[in-house]
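This report walks through a few local features of one protein model. Please look at the structure first, then read on.

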Amino acid sequence: MHTTHDMRKYAVALLLLLVAVTCHAQMSDPVKFTSQLKTGHSPEAEIVFTGKIEPGWHVYSTNLGGGGPIEASLSVTRKDGVELVGKLTPKGKELSKYDELFGMKVRYFEHTATFVQKIRFTKPHYAIDCTLEYGACSDATCMPPMEVSLKSHGKSPAFADSKGTETADDGKSAAALREAEARNAAIDEGGADGGVATMPTQGMPIDSAFGVNPASATAATAAYGGASALSEADRAALWRPVVKEMQGYGEHAGRSLIYIFAAGLVGGLLALFTPCVWPIIPMTVSFFLKRSKDRRKAVREAMTYGAAIVVIYVTLGLAVTLIFGASTLNALSTNAVFNIVFCLMLVAFAASFFGAFEIQLPSSWSNKANTASSSTTGLVSIFFMAFTLALVSFSCTGPIIGFLLVAVSTQGEIVAPAVGMLGFALALAIPFTLFAMFPSLLKSAPKSGGWMNVIKVTLGFVELAFALKFLSVADLAYGWHLLDRETFLALWIALFALLGFYLLGMFHFPHDDEGRRTNVPQFFLALGSLAFAVYMVPGLWGAPLKAISAFAPPMSTQDFNLYKNSVQPRFTDYEAGMAAARLEGKPVLLDFTGHGCVNCRKMEAAVWTDATVADLLNNKYVLISLYVDDKTPLAEPMTVSENGRKLTLATVGDKWSYLQRHKFGANTQPFYVAVDPLGQPLGPSRSYDEDIKAYIGFLSSGLDRYSEADGSGK
């Protein structure tokens, strides 16, 4: 008969057995994967991962995006005589549903799952070591990240019938491939030429020190080895300055100032035909002609008056640059507060142009300037007269001047604001001078009237359109997604359609003449505005709309996109992209860009959409786009030394801007430069220039230099 003590022993033993069985059941793998290399007699083969999934469990598919469950991804730790073809591809019956836990739509497999990675053999002997990482969940719990590996080496089936001659299907000789491998092996051993430059990231984790987005970093490291593919010496080499090497190639000229001058000229012409400026012309010319009985002297003084106008506005442009500095304005251009404030200012100016209220400087300012012009003589009085014109006309010229200065000052050009204001001032000054020289022209000049208010209202619509552009810059830089491309286009379509209806006389504003009728010029302007609105409609479905690519948000923000031929960067992280280039044996095109960069969008829509350019960028290069105005905070701020002072980099954009300045000695966008996987330049840089043939030549010359260096084992 068992005692109480024996019963307790049996109970404890039974409990331990139950616990052991339960733990074994919980720790058993609900998913069992096998790996296989399927080869044939062709240069290509397939790595196949096949999984059997227990009932109630599922395995997630590939490319789910950040913030979701563990997606299936492939990492390669060794690759000799083999190159990857395409991406890891899921096969089988893929299911999809919205997962409330992750707050996103997920794709997954039940019962069975298959993932295939195509490869291509490039040498008679090969070796590959890769790992599939996947995530498995049930309705109640999830397993930690699971892995299944494949290691294989031997003779390549594609070369089994070759006798003595080794060739690769891409046309390169096996000798050249061996030389390229020897160079990569030297890189792996830290063989960077010369001393290693001090990096702002030494001793810091790659995902924090380099500010990699966790989701993109996971994908990059899974597909290309990420941090494991780059040693500290390699990363130091990637950040080493190459300014002298770039100068050796001879740099491409920067943005043409002629364009900026023309923009200022157009702005001045628009301001000229406003109610604040046009009526002043006959009054001012009459003042100068009556001032002296000597007509030659009067004409000379009128010309001096025109020159004074130019001096005043050019001085204003220079003052903006000297006070703020081109680089400061460049950074300010993507600041959310600045762009929102400027957006609100443009909305206020538009409301003023529509007749809601009048914006004027204090009358005492213009009275004092007018008094000064009357009480002085000679050149001083003429200068004060010009200054009076600037103050009196501010309510009409202010919005145009403000937009012009912001638009050109954010391009990094020191003299750009002065050149823009020179064009603006000439457009204002020339009519005064001409009418003074030929007073009879005043008789044929149109009289001021209701048509001027039509111009003001038209400018009001344009101001509203550009206000949306400034709001879009802040929205893109901070990732708010309030004004994505289709929303932006819908608002622009509505604005320009309303402008067309207004010009046709279908509705009126407070300061319009009663019984206003549409004249011939207004009809043609209305026709252009309505046609422009219709032109933008296909953009709601993804049409590129090259004419407004500089102003609309990029195609990547479009939710519904039927257009599939656009070029998209493969990477937005420098180190991850360079690691991929090394493994793929391709050169890199670095694209220093910005969410608020007008000319960047122009280049992408006008040049990158060319079939030849798109083929080179998609297939021959690894395209890395680095957004210098990305406001995503770094996981850990970086402290660097620049020009003898300490500088803290707080955002991803700060880091890429510093990389551009530090490595290439440049600070403007767009900035394109072809480099090899070590970060060495393959030619001169290129900036904004819509010459497609020249851009193709730029890309082709980079490929040629890379092929020459690759073939020589450099």
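## Helix α19 and a nonpolar patch

The model is a predicted one. A starting point is F523, a residue of helix α19. Its relative accessibility is 40%, so F523 is classed as partly exposed; that class lies between the buried limit of under 20% and the exposed limit of over 50%.

F523 belongs to a nonpolar patch on the surface, together with L498, F501, L504, M506, V520, F524 and L527. The accessible area of these residues together is about 770 Å². Two elements, α18 (485–503) and α19 (520–536), each give two or more residues to the patch. Which element gives the most? That is α19, with four residues.

## Strand β9 and its two partners

Strand β9 covers residues 125–134 and is mostly covered, with eight of its 10 residues buried. One strand paired with β9 is β4 (residues 73–80), which runs antiparallel to β9 and is joined to it by seven bridges. Within β4 and β9, L74 stands opposite L132.

β9 also pairs with strand β11, residues 146–155. This pairing is antiparallel as well and has 10 bridges. D129 has K151 in β11 as its bridge partner.

## Cysteines and disulfides

How many disulfides does the structure hold? The count is zero. For a disulfide to be counted, two cysteine sulfur atoms must lie within 2.5 Å of each other.

Two cysteines can be described by their cover. C130 has a relative accessible area of 0%, so C130 is buried. C343 has a relative accessible area of 9% and is therefore buried too. Both classes follow because buried means under 20% relative accessible area.

## The loop around G683

Where is G683 placed? G683 sits in the loop between β16 (671–675) and α24 (692–711). Is G683 buried or exposed? Its relative accessibility is 5%, so G683 counts as buried.

G683 can also be related to S701, a residue 18 positions away in sequence. In space, the C-alpha atoms of G683 and S701 are 7.4 Å apart.

## Summary

The predicted model has a surface patch of nonpolar residues to which α19 gives the most. Strand β9 is mostly covered and pairs in the antiparallel sense with β4 and with β11. The structure holds zero disulfides, and G683, in the loop between β16 and α24, is buried.

Key: Residues numbered from 1 in each chain as written. Predicted model: local features only at pLDDT ≥ 70, side-chain atom pairs only at ≥ 80, totals over all residues. Heavy atoms only, no water. Patch = residues over 30% accessible without salt bridge, like charges linked within 9 Å, V, L, I, M, F, W, Y side chains within 5 Å. Areas by Shrake-Rupley, 256 points an atom, 1.4 Å probe, with all protein chains shown as cover. Salt bridge = Lys/Arg side-chain N within 4 Å of Asp/Glu carboxyl O. Buried < 20%, exposed > 50% of the residue type's maximum accessible area, 1.4 Å probe, protein only. Pairing = 2+ DSSP bridges.
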